[in-house]
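Biologist: Please take a close look at one part of this model, the nonpolar core. I would like a single connected description.

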Amino acid sequence: MVVWEITKNSHVNQRWKAAEKLAKNHHVKVYHIRYDHKSQTTALHYVVVGKTTEYLVIFDQKAPNVWWCQCKDFSINVILRKKRNYCKHVLAVKIALENNTADHYYLTEKEYKALRPNLFFHQED
Ligand SMILES: [Zn+2]
């Protein structure tokens, strides 16, 4: 998990532009997952649909500035090399939420689990 903090320059770079495009074109999906065993609890999973695959973005609801993304860029440049603290998917989620362009889905835990295999592997349809 990485603390959310974007430098002022980041909005002009290519990564930001790519993220804006993803956000505007409804590539950000928000899954509200209701847990069966604790009916009061809802988890939020953000999924960013890329060209060939979909990436899961998670943040800690108790600490909304702490983010994690499933992509290679995040693993290498954020976690390993500490070059920056975001990837374009994290940016896309943030932009989509701010501009209200995310698509929301409300599912039970069971429904989400049934859907989950398709979240991570690209399938031709
Ligand atoms: Zn990412």
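Modeller: What follows goes from the whole chain to the core and one of its residues.

This is a predicted model, in which local features need pLDDT of at least 70, side-chain atom pairs count only at pLDDT 80 or more, and totals for chains, interfaces and linings use all residues. Residues are numbered from 1 along each chain as its sequence is written.

The protein has five helices and six strands (DSSP runs, H or I of at least four residues for helices and E of at least two for strands, numbered from the N terminus). Their order along the sequence is β-α-β-β-β-β-α-α-β-α-α. Of the 125 residues, 23% are buried, that is, with 20 or more other C-beta atoms, placed from the backbone, within 10 Å of their own.

The largest nonpolar core holds 25 residues; such a core is a set of buried Ala, Val, Leu, Ile, Met, Phe, Trp, Tyr and Cys residues joined through C-beta atoms within 7 Å. Val28, Val48, Val57, Val90, Ala92 and Val93 have the most contacts inside this core. Two or more core residues come from each of helix H1 (14-24), strand S2 (28-34), S3, S4, strand S5 (63-69), helix H2 (72-80) and helix H3 (88-99). H3 gives the most, six residues.

Leaving aside residues up to four places away in sequence, alanine 92 touches Ala19, Leu22, Ala23, His27, Val28 and Val48, a contact being two C-beta atoms, placed from the backbone, within 7 Å. Across the protein, 59% of contacts between residues at least 6 apart in sequence join residues at least 24 apart.

Conventions: A residue is buried if 20 or more other C-beta atoms lie within 10 Å of its own, exposed if 12 or fewer, and partly exposed in between; C-beta atoms are placed from the backbone.
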